[in-house]
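Here is a short note for a colleague opening this structure for the first time. Please read the points with the sequence and the 3D view side by side.

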Amino acid sequence: MRKIVAGLFISLDGVVESPEKWHFPYFNDEMAQIIGTQMEAADAMLLGRRTYEEFAAYWPNPEPQAADMAGYMNGTPKHVVTTTLRTAEWENSTIIEGDVPAALKELKERPGKDISITGSPTLVRSLLRGGLLDELRLLIHPIVVGGGAKLFTDGEQVPLRLLGGRTLETGVIYATYGRA
């Protein structure tokens, strides 16, 4: 069975919003290898509406320095969890409608590699609470951002267990969690 895995950049104070404003000083070849390995292990993406809209506006015509990733981002099947969008125009995109947990369970049963989530913190929280997220892969940056949307907000507890971790040369901690 396929796994649904979320890979997120996160600050010490839990911020996941706008990593382009604080993440890049910590990006190096070591982190690029981790991200590349995650991309190679996945053949589908799961996105929330806001992340989908941001990606759909950018990836069809990215800046020249991001062109090498555009083929993957545009060509990979994308499944959008939304209650507001009626169409998904970006190449290889479909909207998950109706019973989302049932649709995701069916998607996990299809043959293939991992189903990755990038960004989409609301979706990640929802899947964690619903027991549908198999792994949470965090690149925890040694910075206090001081404001912005956080991965976790007040709500119910979700016990996790550490599946693996390591510290990168930049001080970023790469930690993988599963449900306890």
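1. **Overall make-up.** The secondary structure of this protein comes to 5 helices and 8 strands. Read from the N terminus, the elements run β-α-β-α-α-β-β-α-β-α-β-β-β. The radius of gyration is 16 Å, close to the 16 Å that the globule rule gives for 180 residues, so the protein is as compact as a globular protein of that length. Please keep in mind that this is a predicted model.

2. **Extent, surface and contacts.** Along its principal axes, the C-alpha trace spans about 40 × 40 × 30 Å. Of the 180 residues, 42% count as buried. The accessible surface comes to about 9,700 Å². Carbon and sulfur atoms hold 52% of that surface. Now take the contacts with a separation of 6 or more: 72% of them are between residues 24 or more positions apart.

3. **Helix α1 and its two faces.** Helix α1 covers residues 29-40, which is 12 residues. From its first C-alpha to its last it reaches 16 Å, close to the 16 Å expected at 1.5 Å a residue. Which residues of α1 are buried? They are Glu30, Met31, Ile34, Ile35 and Gln38. These residues cover an arc of only 135° around the axis, so they sit on the same side of α1. The face turned away from that buried side carries the exposed residues Asp29, Gln33 and Glu40.

4. **What covers α1.** The cover over the buried residues of α1 includes five strands listed here: β1 (4-11), β2 (42-48), β6 (135-141), β7 (160-167) and β8 (173-179). At the N-terminal end of the helix, Asn28 acts as the cap. A side-chain oxygen of Asn28 lies 3.1 Å from the backbone nitrogen of Glu30.

5. **Glu30.** This residue is found in helix α1. Is Glu30 buried or exposed? Its relative accessible area is 18%, under the 20% cut-off, so Glu30 counts as buried. The side chain of Glu30 reaches the backbone nitrogen of Glu169 at 2.8 Å. Leaving aside neighbours within four places in sequence, Glu30 is in contact with Arg166, Thr167, Leu168 and Glu169.

6. **Thr82.** Thr82 lies in the loop between β3 (78-81) and β4 (93-96). Although it is a loop residue, Thr82 is buried, with a relative accessible area of 13%. Where does its side chain reach? It reaches the backbone nitrogen of Thr84 at 3.0 Å. The backbone nitrogen of Leu85 also lies 3.1 Å from a polar atom of the Thr82 side chain. Not counting residues up to four places away in sequence, Thr82 touches Arg49, Ile95 and Ile96.

7. **Asp114.** Asp114 is found in strand β5, residues 114-118. Asp114 is buried, at a relative accessible area of 11%. Not counting residues up to four places away in sequence, Asp114 touches Arg2, Lys3, Val5, Ala41, Ala42, Asp43, Ala44 and Arg137. How far apart in space are Asp114 and His141? They are 24 Å apart, C-alpha to C-alpha, and 27 residues apart in sequence.

8. **Leu160.** Leu160 has its place in strand β7. At 30% relative accessibility, Leu160 counts as partly exposed. The C-alpha atoms of Leu160 and Glu135 are separated by 9.5 Å. Along the chain, Leu160 and Glu135 are 25 residues apart. Leaving aside neighbours within four places in sequence, Leu160 is in contact with Leu128, Leu136, Tyr177, Gly178, Arg179 and Ala180.

9. **Helix α5.** Helix α5 covers residues 121-129. Its residues Leu123, Val124, Arg125, Leu127 and Leu128 are buried. Leu128 also appears in the contact list of Leu160. After α5 comes Gly131. The phi of Gly131 is positive, near 75°.

Definitions and conventions
Residues are numbered from 1 along each chain as its sequence is written. This is a predicted model: local features need pLDDT of at least 70, side-chain atom pairs count only at pLDDT 80 or more; totals for chains, interfaces and linings use all residues. Side-chain values use heavy atoms; hydrogens and water are left out. Helices (H or I, at least four residues) and strands (E, at least two) are DSSP runs, numbered from the N terminus. Buried means under 20% relative accessible area, exposed over 50%, partly exposed in between (1.4 Å probe, protein chains only). A polar contact is a pair of N or O atoms within 3.5 Å; within protein, one must be able to donate a hydrogen and the other to accept it, and residues adjacent in sequence count only if both atoms are side-chain atoms. Contact means heavy atoms within 4.5 Å. The expected span of a helix is 1.5 Å times one less than its number of residues. The arc is that of the directions from the helix axis to the C-beta atoms. The radius of gyration is taken over C-alpha atoms; the globule rule is 2.2 Å times the number of residues to the power 0.38. Accessible areas come from the Shrake-Rupley method with a 1.4 Å probe; for residues, only the protein chains shown count as cover.
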